[in-house]
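Subject: Structure handover

Hi,

Here is the structure I promised to pass on. Have a look at it first, and then read on for what turned up.

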Amino acid sequence: MKNQKAKIIVILGPTASGKSGLAIKIAKKFKGEIISADSRQVYKDLDIGTEKITKKEMKGIKHYLLDVAKPQKIYTVVQYQRAAKKILKQIFKKGKIPIICGGSGLYIDALIYDYQLPAVAPQKGLRKQLEKKSTEELFKTLQGLDPRRATVIDPCNRRRLIRALEIVLKTGKPVPKIEKQSPYQVLKIGLKKSPAQLRLLINQRLRKTLKKGLIGEVKKLRQKGLSWKRLEELGLEYRLASYYLRGLISYEQMAEQMQTETYRLAKRQMTWFEKDKNIIWISNPQKAFAICRDWLGL
RNA sequence: GCGCAGGUGGCAGAGCGGUCAAAUGCAUCAGACUGUAAAUCUGACGCCCUUGUGGCUACGGGGGUUCGAAUCCCUCCCUGCGCA
């Protein structure tokens with residue numbers, strides 16, 4: 001046996017690039033099961049705004065890690081990673097091929113590289129305390145406690161500084177370095193779109209999302225007790241829709257801002273993905289089948 | 001037609017004689033990314049080059065005052081509001 005490592009296929013790309021549909025087709029063809037890598041589709045009741053795939057659209061293909069968390073509570077990468085690892089094992093056991101499909105780059109990487117993320121849960125009290133300090137103070141403190149981490153962290157990013165300090169203070173040890181070695185054999189296929197295409201796809205999809213009743217979904221979430229603050233944390237659609245419902249912006253402003261913000265999100269996603277030289281980029285989804293077939297040695 | 005208020009970079013909007021290629025916000029472009037990642041954060045953003053305490057063109061058009069104007073004056077054009 002030349003290669004013992006288990007095989008995983010990853011379908012990735014910016015939002016609205018057509019990942020879900022392609023993943024299903026690949027799953028059908030190659031006996032696969034899909035693990036979603038979407039930081040928001042993990043939440044129940046966030047269906048329209050996250051463009052979550054419906055049961056019908058799944059076409060009988062098993063999908064994992066959708067609707068596994070309550071929207072009231074933050075679900076983090078680590079929780080995702082833990083759950084996804086278990087599922088990977090199950091799929092391997094069945095002799096099927098796992099297909100990771102999603103646009104949350106960190107989630108994909110955490111899973112396929114098996115990131116050793118520090119087991120320090122968010123410390124509410126500590127965070128509150130640290131929050132009071134200036135960014136500069138936070139950075140200086142980190143320099144003193146964990147010089148290595150301080151050299152690579154963004155000194156302006158308070159959220160990261162606080163998390164790094166949280167780890168150091170809680171464990172008494174520096175933030176561990178992350179190894180980017182995968183225990184799996186991974187084929188990464190990326191769906192490439194031109195900026196103009198992407199803009200078009202995003203706008204089309206957004207129009208559908210609104211038509212399907214995004215506003216109604218947000219109202220329902222409110223009825224279920226979600227605070228405005230929490231809604232704002234659940235992504236740009238929910239944030240902007242809640243601004244609209246609160247009368248802070250007009251419907252037109254909301255729709256327009258959703259477009260530009262979604263496009264910017266897509267660009268951030270691409271910035272992340274483009275660093276990864278192992279991704280095979282295709283602009284024609286049809287090409288994915290041949291690539292998979294070859295890679296699987298069929 | 002008269003009166004008043006305005007016309008500034010892709011947009012919004014500061015500046016009201018020098019330190020202004022012009023605050024700030026948005027958009028745009030590029031980038032970062034170790035438990036919120038559809039999040040969080042950074043940089044660039046008039047043009048040119050030999051990239052510099054560099055050159056050039058700029059704050060509606062034209063003219064003027066001044067050593068010096070986006071900033072003051074005259075005039076023309078345009079916009080909004082008020083009065084006819």
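One cut-off before the details: a residue counts as buried if 20 or more other C-beta atoms lie within 10 Å of its own. Valine 42 has 25 other C-beta atoms within 10 Å, and is therefore buried. Valine 42 sits in the loop that runs between strand 2 (32-36) and strand 3 (63-64). Leaving aside residues up to four places away in sequence, the contacts of valine 42 are Leu65, Leu66, Val68, Ala69, Tyr75 and Tyr80. Proline 71 is 29 residues from valine 42 in sequence, yet their C-alpha atoms are 8.7 Å apart in space.

Please keep in mind that this is a predicted model. The average pLDDT of chain A is 95, and 99% of the residues score at least 70. For the model as a whole, ipTM is 0.91 and pTM is 0.92.

Now the overall picture. Chain A is built from 13 helices and six strands. Its radius of gyration is 20 Å, which agrees with a compact globule, because a globule of 298 residues would have a value near 19 Å. Along the principal axes, the C-alpha atoms of chain A fill a box of roughly 55 × 55 × 35 Å. Buried residues make up 33% of the 298 in chain A. If you take the contacts in chain A between residues at least 6 apart in sequence, 75% of them join residues at least 24 apart.

On to the interior. The largest nonpolar core has 59 residues, and those touching the most other members are Ile9, Val10, Ile11, Ala23, Ile26, Ile99 and Ile100. Helix 12 (residues 251-274) contributes the largest share of this core, with six residues. Another core, of ten residues, lies apart from it and includes Leu138, Phe139, Leu142 and Ala164. Back in the largest core, isoleucine 99 touches Ile9, Ile11, Ala23, Ile26, Ala27, Gly32, Glu33 and Ile34, again not counting residues up to four places away in sequence.

Finally, the RNA. Which residues come nearest to RNA strand B? Of the 47 around the strand, they are Ser39, Val78, Ala119, Cys156 and Gly235. The surface near RNA strand B has 20 nonpolar, twelve polar and 15 charged residues. Helix 2 (77-93), helix 7 (158-171), helix 11 (236-245) and helix 12 each supply at least two residues of that surface. Helix 12 gives the most, with nine residues.

Happy browsing, and best wishes!

Terms used
Residues are numbered from 1 along each chain as its sequence is written. Chains are lettered from A and ligands numbered from 1 in the order in which they are written. This is a predicted model: local features need pLDDT of at least 70, side-chain atom pairs count only at pLDDT 80 or more; totals for chains, interfaces and linings use all residues. A nonpolar core is a set of buried Ala, Val, Leu, Ile, Met, Phe, Trp, Tyr and Cys residues joined through C-beta atoms within 7 Å. A residue is buried if 20 or more other C-beta atoms lie within 10 Å of its own, exposed if 12 or fewer, and partly exposed in between; C-beta atoms are placed from the backbone. Helices (H or I, at least four residues) and strands (E, at least two) are DSSP runs, numbered from the N terminus. Two residues are in contact if their C-beta atoms, placed from the backbone, lie within 7 Å. A residue is near a molecule or strand if its C-beta atom, placed from the backbone, lies within 6 Å of it. Ala, Val, Leu, Ile, Met, Phe, Trp, Tyr, Cys and Pro count as nonpolar, Asp, Glu, Lys and Arg as charged, and the others, Gly among them, as polar. The radius of gyration is taken over C-alpha atoms; the globule rule is 2.2 Å times the number of residues to the power 0.38. pLDDT is the predictor's confidence in each residue, from 0 to 100.
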